[in-house]
Amino acid sequence: MKEKNLSYFEESKWIFETEGLKGFYRGTYIMLLKEFPGCGLFFYFKFLFDSILGVKEEESFYLWLLKSTISGGLTGTCAWTIGMPFDVLKSYIQTSKEKMTINQAFVKIHQKSGIRGFYYGLMPTVVWSFPSTAVLFVIYEEIFHLLHNE
């Protein structure tokens, strides 16, 4: 077991020596459980909020920009709120000093912190994701519009 802070190279070497190549993929299954449905939810929420806010391409650019920005930001907030427990599990598995299954990580987090433990870091993530997802979708929609209207 490692005792001190290691450089990136030393840490990588330690992982390879103790766990082999497999050690670099710790937490992959839970990440896939989060990402695959998460991508679908991402676009579901975007279309839902676009519909609720009445986002239309025919509107003035500034009104469209405002509605699309709010819609994109809310999309990121919802997606991260739903996906956060999976992300916490993934991070717990990846940073644990011992190998563990998803079920073992779930039980440990729940015993230690209850349901709230699965939402550690949600507030900073939402603060970060609202503007970044808003910008992401505005750019996505502009590129989509440019490519399909040429």
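These legends go with several views of one predicted protein model.

Local features here need pLDDT of at least 70 and side-chain atom pairs count only at pLDDT 80 or more, while totals for chains, interfaces and linings use all residues. Residues are numbered from 1 along each chain as its sequence is written, and side-chain values use heavy atoms, with hydrogens and water left out.

**View 1. The whole chain is helical, with 5 helices and 0 strands.** Reading along the sequence gives α-α-α-α-α; helices are DSSP runs of H or I with at least four residues, strands are E runs of at least two, and numbering starts at the N terminus. The C-alpha trace spans about 60 × 35 × 25 Å along its principal axes. Of the 150 residues, 33% count as buried, meaning under 20% relative accessible area with a 1.4 Å probe, protein chains only (exposed is over 50%, partly exposed in between).

**View 2. A nonpolar patch sits on the surface.** Its members are Ile52, Leu53, Leu63, Leu66, Ile70 and Leu74, together offering about 480 Å² of accessible area (Shrake-Rupley method, 1.4 Å probe; for residues, only the protein chains shown count as cover). To join such a patch, a residue needs over 30% relative accessible area and no salt bridge (a side-chain nitrogen of Lys or Arg within 4 Å of a carboxyl oxygen of Asp or Glu); nonpolar side chains (Val, Leu, Ile, Met, Phe, Trp, Tyr) are joined within 5 Å, like charges within 9 Å.

**View 3. Two helices share the nonpolar patch.** Helix 2 (28-53) and helix 3 (61-95) each chip in at least two residues, and helix 3 has the largest share, with 4.

**View 4. Here's Leu53, in helix 2.** Leu53 counts as partly exposed because its relative accessibility is 30%.
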